[in-house]
Amino acid sequence: MVVAAMMATVNVSAQDEWRNEVSVAYGFGSNTYLISTIYSGIFTGDQKNYWGPVSVEYFYRPITNLGVGAIFAVDGCKWSDDDDAKSTFYTIMPSVKYNWLNKSHFSMYSKLGVGVTICSDSGIGDSKSSSSVNWQVSLVGMEFGSAFRGFLELGTGEQGIFLAGLRYKF
């Protein structure tokens, strides 16, 4: 029993020492997906498929429950059967994450990021680029595991309405 108590103490202590986390995720229903679908339906009607967003995040925790960092996401769509006609969206957002429930193998959090999306069109007449403000608000996120964690989030923005991924805390 003493050994079990010591192991539990070490586990909790180790979690408090995690200051960094890196995540990779895939989402559904991003802002650029919704906008490009509406644009295609109203103006062109020729969007063939959409992929992404695939995102990478980094957060540093200066205090136990608060993380500051950045999100990078990329997604895109094809506009025709021609492989060269496509739009690719690159997004970078400074972000903040607040863990409002922390257990040794489970936590819940909320996240906010605001940044810029750069759209690169190619193969559609003249190649061009444009930029716009974009965001991610994840109202509820859940992660499971120890140093390596799986996670799910529900929110709205450039990472999507629903996203899932893997996270490493160190």
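**Exercise 1. Classify phenylalanine 170 by exposure, then describe its ring pairing.**

Step 1. Phenylalanine 170 has 41% relative accessibility. Buried means under 20% relative accessible area, exposed over 50%, partly exposed in between (1.4 Å probe, protein chains only). Phenylalanine 170 therefore counts as partly exposed.

Step 2. Tyrosine 168, at 34%, counts as partly exposed.

Step 3. The rings of tyrosine 168 and phenylalanine 170 lie 5.5 Å apart, centre to centre, with 20° between the planes. Rings of Phe, Tyr and Trp (its six-membered ring) pair if their centres lie within 6.5 Å; planes under 30 degrees apart count as stacked, over 60 as edge-to-face and the rest as tilted. The pair is stacked.

The model is predicted: local features need pLDDT of at least 70, side-chain atom pairs count only at pLDDT 80 or more, and totals for chains, interfaces and linings use all residues. Residues are numbered from 1 along each chain as its sequence is written, and side-chain values use heavy atoms, without hydrogens and water.

**Exercise 2. Find the charged ends over the rings of phenylalanine 151 and phenylalanine 59.**

Step 1. A charge sits over a ring if NZ of Lys or CZ of Arg is within 6 Å of the ring centre and within 35 degrees of the ring normal.

Step 2. Over phenylalanine 151 sits the charged end of arginine 167, 4.0 Å from the ring centre.

Step 3. Over the face of phenylalanine 59 lies lysine 97, 5.9 Å from the ring centre.

**Exercise 3. Locate the cis peptide bond.**

Step 1. Glycine 52 and proline 53 are joined by it, with omega about 0°.

Step 2. Most peptide bonds are trans.
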